[in-house]
Amino acid sequence: MRILLLEDHQSLAEGIIQGLGRMGYVVDHCLTLAQADAALSTDRFDLAIFDLGLPDGRSVSLIKQLRKAGNRLPVIVLTAFDDLESKLSALNEGANDYVVKPFELRELEARIRAQLRSQTQQVNDTVTCGELTVDLAAQQCRVGEQTIHLTRLEWLIMKQLALNLGKIVSKEQLESACYGWGGDNESNSLEVHLHHLRKKLPANTIHTARGLGYRLSESKP
């Protein structure tokens, strides 16, 4: 799951990047509106977190630009302003949620999950596929009653497939979810991690659609 973070306070940004990284997210960081605008025009993200006030303007202008272009990327706004007018301004310009600083990282992550559930039309944090259960909140996979240990990249692949249950996810989408700008993405790295992941799951849980991508098979009626 790949997130674009727009935050000009370096120490806060580092804390968010490290904390969300431990929770299984890939976070790319921009310091200015111009950098974020360029990133959004060239890369694919699953969600964005924007600080409200930045050196080159307010992030509501970029949110407004995204919505005008038809971009429905979920955006969570971070700000020190707790007044009603600031909240209404951000939400009316197209922000999906609003978090006041200081905040607990667990709250931010819960709001991220809520936005991702909304985008994928999920009603909870658990995805079931036959014997397989994927708990997005606990970051765990179970086959029956047995918990399956996954590496960080295996979990990122599983999370992306689970959020798109029954749908084909392209190789490019999986790579985007697994590797940020600083990621070490070798040509066959994704296939290697998929191979190891498949060995830990029931047979035929992950299907390959030749030339298209991969799909987590839905449970049979």
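## Pocket lining and salt bridges

Seven nonpolar, six polar and five charged residues make up the lining of the largest pocket. The model is predicted.

**The pocket**

The largest pocket has a volume of about 400 Å³. Its lining counts 18 residues, and R44, F45, D46, P74 and Q119 are the closest to its centre. Helix α5 (105–120) supplies at least two lining residues, and so does helix α6 (152–163). The largest share, three residues, comes from α5.

Where does the largest pocket lie with respect to domain 1 (2–120) and domain 2 (126–216)? Both domains give residues to the lining, so the pocket lies between them.

**The salt bridges**

The whole structure holds twelve salt bridges. Three of them are set out below, each with its N to O distance.

| Pair | N to O distance |
|---|---|
| D28 and R2 | 2.6 Å |
| K101 and D51 | 3.1 Å |
| E109 and R113 | 2.9 Å |

Take the bridge between D28 and R2. D28 sits in strand β2 (residues 26–30) and R2 in strand β1 (residues 2–6), so the pair ties together parts that are 26 residues apart in sequence. Are D28 and R2 buried or exposed? Both are buried. The pair also belongs to a wider set: R2, D28 and D43 are linked in a network of salt bridges.

K101 pairs with D51 in a salt bridge. This pair links distant parts of the chain, 50 residues apart. K101 is in the loop between β7 (97–100) and α5, while D51 is in strand β3 (residues 47–51). K101 has a relative accessible area of 19%. Buried means under 20%, so K101 counts as buried. D51, at 5% relative accessibility, is buried as well.

The bridge between E109 and R113 stays within one helix. Both residues lie in α5, four residues apart, which is about one turn of the helix. E109 has 6% relative accessibility and therefore counts as buried. R113 has 16% and is also buried.

Helix α5 thus appears in both parts of this report. It holds E109 and R113, and it gives three residues to the lining of the largest pocket.

Note on methods. Residues are numbered from 1 along each chain as its sequence is written. This is a predicted model: local features need pLDDT of at least 70, side-chain atom pairs count only at pLDDT 80 or more; totals for chains, interfaces and linings use all residues. Side-chain values use heavy atoms; hydrogens and water are left out. On a 1 Å grid over the protein atoms alone, a cavity is a set of points where a 1.4 Å probe fits but cannot get out, and a pocket is an open set with protein on both sides within 12 Å along at least five of seven lines; lining residues have an atom within 4 Å of a point. Grid points are joined across faces, edges and corners, and a volume is the space filled by probe spheres set on the points. Ala, Val, Leu, Ile, Met, Phe, Trp, Tyr, Cys and Pro count as nonpolar, Asp, Glu, Lys and Arg as charged, and the others, Gly among them, as polar. Domain bounds come from an automatic or database domain assignment. A salt bridge is a side-chain nitrogen of Lys or Arg within 4 Å of a carboxyl oxygen of Asp or Glu. Buried means under 20% relative accessible area, exposed over 50%, partly exposed in between (1.4 Å probe, protein chains only).
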